[in-house]
Structure formats: C-alpha cells, structure tokens
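Me: Please take one contact between two helices and look at it closely, residue by residue. Then set it beside the packing and pairing elsewhere in the chain.

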Amino acid sequence: MRVLVADAFEKSGLAGLTAAGCEVVYQPDVKDDGLTEAIRSSGAEVLVVRSTSVTSAMLDAGRLSLIVRAGAGYNTIDVAAASSRGIYVSNCPGKNAIAVAELTMGLILAIDRRIPDNVAALRAGQWNKKEFSKAAGIKGKTLGVIGYGSIGRAMAIRARAFEMHLAIWSRHLGSGDPDLGALGLDDGHHDLQVTLAASPADVAAKSDALSVHVALAAETKRLIDAAVLDRLKPGAFFINTARAEVVDHAALDAAIASKGLRVALDVFRDEPSAATAAFTDPIVARPNVYGTHHVGASTEQAQEAIAAETVRIVSTFRETGRVPNVVNLATRTPATHMLVVRHRDRPGVLAHVFDQLRSASINVQETENIIFAGAEAAVARINLDKRPTDAVLALMTSGNEHILSAEVIAIT
C-alpha cells in the first residue's frame, strides 16, 4: 500500500508506516496544484495531511481510498467530495487534547498576569513593577467551557486544579445538576461549583473567563455571537483555541471595545496556509488581545500521539479493510428492509442473491455475511432500499440449492 504524506510528519510516524508494510512517499511541502500532481504521479491509495487543504479536483487526480487528517478537525478536507467518490476520511480525535488545554490554561494565566506585556517591557529596557503587579488571580473565579469533548474535559480538569469553578455547555450534556463522575470531575474538590448551563449565553453570563472548545460544523459556525458576548462581564477573559469560524469576529471586536474584554486567540480568520508568512489582523493590534500562531496542538507529545494514531489507522485499513475513526459513513442509509438469507457457505450463493435483486431493480445499501463455526453455514444480512416481492424471494430460494431460507424484516 502506497501512502502519500503531504505535510510535516513525525519521524516515528514515517517509520511506523514503513514498518507496517507501506511504501511511503513523503512530500511535506506540496500544496495546491502540486498536491494534485503528487496524488496523480504517486499512485497513492492513502493520503495523510495535517493543515493542507484537500479539494474535490485533487480527488479526481488519482486513486485514493483513504484520507487521514493527522489531527482532530477535518474542515480542510472536502468530505462531501470524498464521500461521493467512496473515499474514507478519518481523523485522530483526542490526541491533541492535553496540548490544547495546556496552551489554553497558559493563555488564561498570561491574560491575568499580563505576561507578554511584562516581557515586552523588559526587552524594551523598562522596569514597571507598579503597573504589572496589578492582577486579580484566578482562584475562585468561574471558567466557562463551551464544548465538552476531549479538550473541554481536559480544560475542566486543569481549571479545577487551579481551584476555579466551572460553567459548562455542550450539545450532548443538557442542563441541571451535573454528574461529576461522568464529567471526569469527581476529584474531591466538592467545594468548587460545577454548573451545566442551558446555552452558550448562559455560560457566558456565569463566567469570569470563557473558553471555546467546539469542533467546526454547520451548527457551530459563529456560535459565539453578539448574544453570547454581550452576556460576559466587563473585563472578562475570552479565549478561543478551537476554530476562528466558531466566533463572530465583528461581534468580538465590538465587545472588546465596549466591554473591555481581555482576549487570547490561537486561531484567526484568513490564516496563511504556509508555516511562515506575512500576516495581519486588526484584532491583534488591540492592546488587550494576545495571540499565538495556531500552535495549540503543536507539542512533541501531541504530535507523537497523532503520528501513532495515524499509523494505527493506516495499518488497520491495510490489514482488515476497516477504518478507525472514519467520519464520513452514513449514520442512516435509505434502506427500508433487511433481507436475511440463511445459506450454506458455498461459492456463488450471494452472487445468485444479488443477481435476483438486480433483476428486480432493488439496490443494496449495506451487507454483511456472518459465518458459523465450522464454516459450513452462514447468514447474510442485506439492507435494501425496498421490499422484495414474494415472487422475487421464491426465485431466490428455488434457484440455488444452498439457500436454506430467506426472510424480509422492515427497518424501523
């Protein structure tokens, strides 16, 4: 199996792919038209990317079967185009959670203690203890966490270590009394409050610092809008280490001006695609805004973990045909009925079944064939887009002596 790695990738990952029996083509700097040509010329079956965009036109250039996003988000990949071509898309969720949480906590401390401004003043030859000794401290303050996946959970655990209260919102949690065990927070800090809020705006209203940890999706685009930001207290902290698109930046800019928000961002609109480039954004010119260079996941520990997970995904696909962490399989197909065929495990049985379905213009949505001990008999479960008639079933069972029975079950 040939694997094209089209981004900077850990040596341990390259070695792991080779050890798994893959032929690795490593082109970490290829982009755009160059990537299209690399997909074509390499003949790769698997493409591994980090931040590089993968477009529909690229997918037409070669014979890819699998794209692995060596990271959590996959918004840089045209997933719909991959799905329409039968190409798996997989990712590495949770492997960078601790790295992102560590940076986020660092940014919270940096805002409170104005660490970047301290450094800048010292480098400029200025000593200003009078000014920079003004800090509130974060113990006893409330951290609002928007999104409670692996990163949100890692953030909550670290905030509790700093003795912060928590207000949490997630689409999957609801509101009301929290189950601390289920949240991973049954740590003995029962004097620290944990609240499950009904909406992002409700979290903002309770927060001294609000941190965003949702994946980018249609329902999360501009999730943090004026209605949310307006609920923050004057002078509150706002941190985004998720995706730029989940925040309405015009509303954020207005809230900085009107409410004196103190902000830290690791993600920005119109980020350069190259690792080094010129970059300007008016929001970073504000004195109460700190920024980092979209480096939340960029620790050696995180990259090694992501490389290992990428190797696992590709190895599993190579050995079994199955794809761990696949993101673009249908959660529900158009199937309305399941055909259950009990049969002897002999050549040509399923070919006969499928031939009868084809003749009746019935489309197969999903199928699996389960073999019993001894490999003498099997049961095929075949999901169909409509019910076969009794006449079709009769032709199916009478036309092959190895079919023992066939029945149809409606899918509800």
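Reply: Contact here means heavy atoms within 4.5 Å of each other. Helices (H or I, at least four residues) and strands (E, at least two) are DSSP runs, numbered from the N terminus. The model is predicted, so local features need pLDDT of at least 70 and side-chain atom pairs count only at pLDDT 80 or more, while totals for chains, interfaces and linings use all residues. Residues are numbered from 1 along each chain as its sequence is written, and side-chain values use heavy atoms, with hydrogens and water left out.

The contact chosen is that of helix α5 (residues 97-113) with helix α6 (residues 115-123), whose axes are 6 Å apart and pack at an angle of about 60°. Axes are lines fitted to C-alpha atoms, for helices over the stretch in contact, and angles run from 0 to 180 degrees between N-to-C directions. Under 35 degrees counts as roughly parallel, over 145 as roughly antiparallel, 65 to 115 as roughly perpendicular and the rest as oblique. α5 and α6 are therefore oblique to each other. From α5 come L109, A110 and R113, which meet I115, P116 and N118 of α6. By class, these residues divide into four nonpolar, one polar and one charged. Ala, Val, Leu, Ile, Met, Phe, Trp, Tyr, Cys and Pro count as nonpolar, Asp, Glu, Lys and Arg as charged, and the others, Gly among them, as polar.

Another helix pair is α1 (residues 11-19) and α12 (residues 300-320), with axes 8 Å apart at an angle of about 15°. These two are therefore roughly parallel. Their crossing is right-handed, a term used if the near helix is turned clockwise from the far one by less than a right angle, with anticlockwise giving left-handed. S12, G13, G16 and L17 of α1 touch E304, A307, V311 and V314 of α12. That contact has four nonpolar, three polar and one charged residues.

Both of these helices also lie against a sheet. Strands pair if DSSP finds at least two bridges between them. Five strands make up this open sheet, in the order β2-β1-β3-β4-β5 and with parallel pairing. At its edges are β2 (23-26) and β5 (88-91), each pairing on one side only. From one strand to the next the twist averages 20°. Strand β3 (residues 46-49) runs parallel to β4 (residues 66-69) and is joined to β4 by four bridges; V46 has L66 as its bridge partner in β4. α1 packs on the sheet by touching β1 (2-5) and β2, and the direction of α1 makes about 150° with that of β2. α12 lies across β1, β3, β4 and β5, running at about 165° to β4.

An open sheet of seven strands has parallel pairing too, in the order β8-β7-β6-β9-β10-β11-β12. β8 (194-196) and β12 are the edge strands, each with a single partner, so one side of each is left without a neighbour in the sheet. Its neighbouring strands are turned by 15° against each other on average, direction ignored. Three bridges join β7 (residues 165-169) to β8, and the two run parallel; A167 of β7 stands opposite T195 in β8.

Salt bridges, with a side-chain nitrogen of Lys or Arg within 4 Å of a carboxyl oxygen of Asp or Glu, number 19 by this rule. One of them joins the side chains of R286 and D253, at 2.8 Å from N to O. R286 is in the loop between β11 (262-265) and β12 (289-291) and D253 is in helix α11 (residues 249-259), so the pair ties together parts 33 residues apart in sequence.

Further along, strands β14 (residues 364-371) and β15 (residues 377-384) run antiparallel and share seven bridges. V364 is partnered by L384 in β15. The two strands form a hairpin with five residues between them, and G374 in the turn has a positive phi of about 90°.

The last helix pair to set beside the chosen contact is α13 (residues 349-359) with α14 (residues 390-398), whose axes come within 10 Å and cross at roughly 155°. That makes the two roughly antiparallel. The crossing of α13 and α14 is right-handed. H352, V353, Q356 and L357 of α13 make the contact with V392, L395 and M396 of α14. Five of these residues are nonpolar, two are polar and none is charged.
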